[in-house]
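Hi,

Here is the structure I promised to pass on. Have a look at it first, and then read my notes below.

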Amino acid sequence: MKIGFIGLGIMGESMCENIVKKHDDTVYAFDFVEEKVKLLESKGAVACKDSRELAEKSDVIVSMVPKSEHSKAVYTGILDLLDETKTCIDMSTIDPSVSVEISELVKKTGAQFIDAPVVKSKPAAIAGTLGIYVGGDEKTYEAMRPILLYMGENVIRMGDNGKGLVMKICHNALVSQIQNGVNETLTLAQANGISIPTFAQAISYGGGQNFYLDGQAAKLEAEDYTTAFSIENMAKDVNICCNLAKECGVNMPGEENAKRVYDKALENGMAKEDFRATIKVVRGK
């Protein structure tokens, strides 16, 4: 089974490398950034000149691109090359409704399609320990699960096409609100003379303990905003959540508040910084 991987960004690069390391057949790679393709070629992937060449040669086509319009462009651009022998896995975080639209287009060709967005960040992508939420039929999910396990250790099917993305958006919305709570209470503690390490230790003794603070406290203390997951990417997910909530008639005031923080961070030119840098917005810096 030959696998093709489209999109070699911060996450996709390491995800593709894990497939190359663990798969026993050819892995093709494509990205518009030539240096990214050359890097994966040095790891053992076979470079392709574009998505069409990759789709033609691959039995399974995996994509990891930034936005809804990019996913749509990838799949509309290769539709005439798809048939019942091919399966498509879009691991991008995009609007669920757009993913459902793409799935319908792909399945009309006879090919199969699942959405499989990921959670956690770059270190987990490198280690192959991502969490992966899948939307698609049970048969395709089971067939593709071994490939997904090259990249992640926790893989769960959430339902039909689009449902993996709904879960990813819910997950990241919750993270954004936990993060904002950490930012606000940490800032209040510091205003009263409590250091970040002491704050984090004290929080760990009670019900407020959370994965975000446990993982980010040391970097917040060091004011290290080296990017593993950017503000612009999280802002995209927060906006998708707010739009989805409106479509569903669900009121999410906590997420609307997180959106205001992210909008301010983007306005302040912080788009490329790590998402933990939102604490600077809460501090008014």
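Let's start with Gly44: it sits in the loop between helix H2 (34–43) and strand S3 (46–47). Helices (H or I, at least four residues) and strands (E, at least two) are DSSP runs, numbered from the N terminus. Gly44 is partly exposed, with a relative accessible area of 49%; buried means under 20%, exposed over 50%, and partly exposed in between (1.4 Å probe, protein chains only). From Gly44 to Glu255 the C-alpha distance is 42 Å, with their positions 211 residues apart in sequence.

Two things to keep in mind: this is a predicted model, where local features need pLDDT of at least 70 and side-chain atom pairs count only at pLDDT 80 or more, while totals for chains, interfaces and linings use all residues. Residues are numbered from 1 along each chain as its sequence is written, and side-chain values use heavy atoms, with hydrogens and water left out.

Now the salt bridges (a side-chain nitrogen of Lys or Arg within 4 Å of a carboxyl oxygen of Asp or Glu). There are 19 of them in the structure. One joins Glu13 and Lys36 at 3.3 Å, N to O. Glu13 belongs to helix H1 and Lys36 to helix H2, so this pair ties together parts 23 residues apart in sequence. Glu13 is buried at 15% relative accessibility, whereas Lys36 is partly exposed at 26%. Together with Lys122, Glu13 and Lys36 make up a salt-bridge network.

Another salt bridge links Lys236 and Asp237 (3.9 Å, N to O), and both residues are buried. Asp237 also makes a side-chain polar contact with Asn172, at 2.7 Å; such a contact is a pair of N or O atoms within 3.5 Å, where within protein one must be able to donate a hydrogen and the other to accept it, and residues adjacent in sequence count only if both atoms are side-chain atoms. Asn172 itself lies in helix H8 (residues 163–191) and is buried, at 7% relative accessibility.

Finally, the inside. The largest nonpolar core (buried Ala, Val, Leu, Ile, Met, Phe, Trp, Tyr and Cys residues joined through side-chain atoms within 4.5 Å) has 33 residues, and Phe5, Met15 and Met151 are among those touching the most other members. Several elements give it two or more residues, including strand S1 (3–6) and helix H7 (138–151). H7 contributes the most, with six residues. Apart from this core lies another, of 26 residues, including Val175 and Cys242.

Cheers
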